[in-house]
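Me: I'm new to this structure and would love a close look at one part of it. Could you walk me through the aromatic rings and what lies around them in the chain?

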Amino acid sequence: MKSLPLASGIIGGALVVGVAGWMIWQLQEPDSTGLAREPVVVVGDKTRASLMEAVDRYLETTDPKREKPQVLAALKPELKPRMFCHENLVEVRKKSESQQLVGIAASCEEYARVGQKLLASSQYKNLSLLTVEPNGETYRVVDIQEALEGDLVRSSVREMFSAEGAPRALEISDSDFSALSEENRVEGRKVFGLPPNAEIQLYQPS
């Protein structure tokens, strides 16, 4: 009988420790649930391909709204450089009767050919939300929102994506972006008629 208070004390102490541990975990693990309320849309393979084609075309085209520098295009236009982008689709949401929101992770790099080398310059990676609308039998991008950098990236991603989409976007790792970057290199060599193992040289302005 005398052991009961001791057992109760042990159980009570364990509960206190458990609650305290849960509270610390909550503080250490910030909420990643997305706040966007537009309905998520499930798209078929054909629609998905058309949407991603429009996104890819937009990202690879110089657009002053995006304020993304293209160094070779500005300093070495005679080399006829190109921007190459590859993307992972995070989600599609319905914005209005005629527009959809396409959430992606993208890696983009600017390349040109110099001799038997691929010259590399401007590059960036980011999470983005693009507003897309029909354009005949295809789509076109009419607006883009990009995640903020640094400490604010989590809050901006939560605002940009849905409850389910934000965690997926935040889980995209450096290795995912590295894989997209490798696809850029493969495509760049192919487009400029270089062998698959052609050297890549970083452009150094003189």
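Reply: Happy to help; here is a walk through the ring pairs, then the disulfide and the nonpolar cores. One thing to keep in mind is that this is a predicted model.

Let's start with the rings. A search of the whole structure turns up two aromatic pairs. In one of them, Phe84 and Tyr111 sit 5.9 Å apart, centre to centre, with 45° between their planes, and this pair is tilted. Phe84 belongs to strand S1 and Tyr111 to strand S2, so the pair links distant parts of the chain, 27 residues apart. Both Phe84 and Tyr111 are buried.

Phe84 also pairs with Phe192, this time edge-to-face, at 6.1 Å between centres and 65° between planes. Because Phe84 lies in strand S1 while Phe192 lies in the loop between helix H6 (174-191) and strand S5 (200-202), this pair ties together parts that are 108 residues apart in sequence. How buried are these two partners? Phe84 has a relative accessibility of 0%, so it counts as buried. Phe192, at 15%, counts as buried because the cut-off is under 20%. Taken together, ring pairs join Phe84, Tyr111 and Phe192 into a cluster.

Now for the disulfide, which also involves strands S1 and S2. The model has one disulfide, and it joins Cys85 to Cys108 with an S to S distance of 2.0 Å. Cys85 is in strand S1 (residues 82-94) and Cys108 in strand S2 (residues 100-114), so this pair, too, links distant parts of the chain, here 23 residues apart. The torsion about the S-S bond is about 120°, which means the disulfide is right-handed. Cys85 is buried, at 1% relative accessibility, and Cys108 is buried with a relative accessible area of 1%.

Finally, the nonpolar cores. In soluble globular proteins, nonpolar side chains tend to be buried together. Here the largest nonpolar core has 19 residues, and Val55, Leu59, Val102, Ile104, Leu130 and Val132 have the most contacts inside it. Strands S1 and S2 are among the elements that give two or more residues to this core, along with helix H2 (45-59), strand S3 (117-135) and strand S4 (138-146). H2 gives the most, with six residues. Looking at Val55, and leaving aside its neighbours within four places in sequence, you will find it in contact with Glu87, Val102, Ile104, Leu130 and Val141. Apart from this core lies another, of 14 residues, including Val90, Leu101, Ala105 and Leu180.

Technical notes: Residues are numbered from 1 along each chain as its sequence is written. This is a predicted model: local features need pLDDT of at least 70, side-chain atom pairs count only at pLDDT 80 or more; totals for chains, interfaces and linings use all residues. Side-chain values use heavy atoms; hydrogens and water are left out. A disulfide is a pair of cysteine sulfur atoms within 2.5 Å. Helices (H or I, at least four residues) and strands (E, at least two) are DSSP runs, numbered from the N terminus. Buried means under 20% relative accessible area, exposed over 50%, partly exposed in between (1.4 Å probe, protein chains only). Rings of Phe, Tyr and Trp (its six-membered ring) pair if their centres lie within 6.5 Å; planes under 30 degrees apart count as stacked, over 60 as edge-to-face and the rest as tilted. A nonpolar core is a set of buried Ala, Val, Leu, Ile, Met, Phe, Trp, Tyr and Cys residues joined through side-chain atoms within 4.5 Å. Contact means heavy atoms within 4.5 Å.
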